[in-house]
Amino acid sequence: DLTQAAFRQNPLHDDYSDVMFATGDLVIRSADGTLVFVGRKNTQIVKVKGHRVDLAEVEHALSQHERVLESVASVLGEAETARIEAVVLLDLDGADEKELLRHCRGLLPKYMTPAKIRIMSELPRTRTGKVDRLRVAEMISNEGIGS
């Protein structure tokens, strides 16, 4: 049953023998049509510069800061150019990116510390109220996040 669930019919073809494997990778299509890896459907282990990283650990470290209400970490790039970036929702008293980066450096190894942390006034949500991780990854990838 699990194997069957992982293999799905290719939605681009009617032929039932044409199947695709559901990897859990999230991608966006850039303006030139290239598929850009932006993360995983869940926060499973990802590779960053040869190291295995659970993005939930990065998010947990961020959440340990007294001003962080919510955080989302994502990986941009691949292989040796991969980097972690994060967005955070802060309480009213706030903090700045430098303070949050110092906080992360005190809790995480260098390869797990976000290259950039963006402070947002709200996080995009799905219809069910959960953080829309795909939308966050798209926003990070497009540099379309404002404070």
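Biologist: In which sense do β8 and β9 pair, parallel or antiparallel?

Modeller: Keep in mind that this is a predicted model. Strands in a sheet pair through backbone hydrogen bonds, in one of two senses. Here five bridges link β8, residues 83–90, to β9. One of the residues to look at is Leu-89, whose bridge partner in β9 is Met-120. The sense of the β8 and β9 pairing is parallel.

Biologist: Okay, which strands stand at the edges of the sheet?

Modeller: The sheet is open, with three strands in the order β7-β8-β9 and mixed pairing. Each edge strand has a single partner, so one side of it is left without a neighbour in the sheet. That describes β7 (68–76) and β9 (116–120).

Biologist: And by how many degrees are neighbouring strands turned against each other on average?

Modeller: For this one you ignore strand direction and take the average over neighbours in the sheet. That comes out at 20°.

Biologist: Which helix lies across the strands at about 65° to β7?

Modeller: Two helices come up here. Helix α3, residues 97–107, lies across β7, β8 and β9, but its angle is about 130° to β9. The helix made of residues 133–141 also lies across β7, β8 and β9, and it runs at about 65° to β7. So the one you want, because of that angle to β7, is α4.

Biologist: Last one: is His-65 buried or exposed?

Modeller: His-65 sits in the loop between α2 (55–63) and β7. Leaving out residues up to four places away in sequence, it touches Ala-95, Glu-99, Leu-100 and His-103. Its relative accessibility is 7%, and the cut-off is under 20%, so His-65 counts as buried.

Conventions
Residues are numbered from 1 along each chain as its sequence is written. This is a predicted model: local features need pLDDT of at least 70, side-chain atom pairs count only at pLDDT 80 or more; totals for chains, interfaces and linings use all residues. Side-chain values use heavy atoms; hydrogens and water are left out. Two strands pair if DSSP finds at least two bridges between them. Helices (H or I, at least four residues) and strands (E, at least two) are DSSP runs, numbered from the N terminus. Axes are lines fitted to C-alpha atoms, for helices over the stretch in contact, and angles run from 0 to 180 degrees between N-to-C directions. Contact means heavy atoms within 4.5 Å. Buried means under 20% relative accessible area, exposed over 50%, partly exposed in between (1.4 Å probe, protein chains only).
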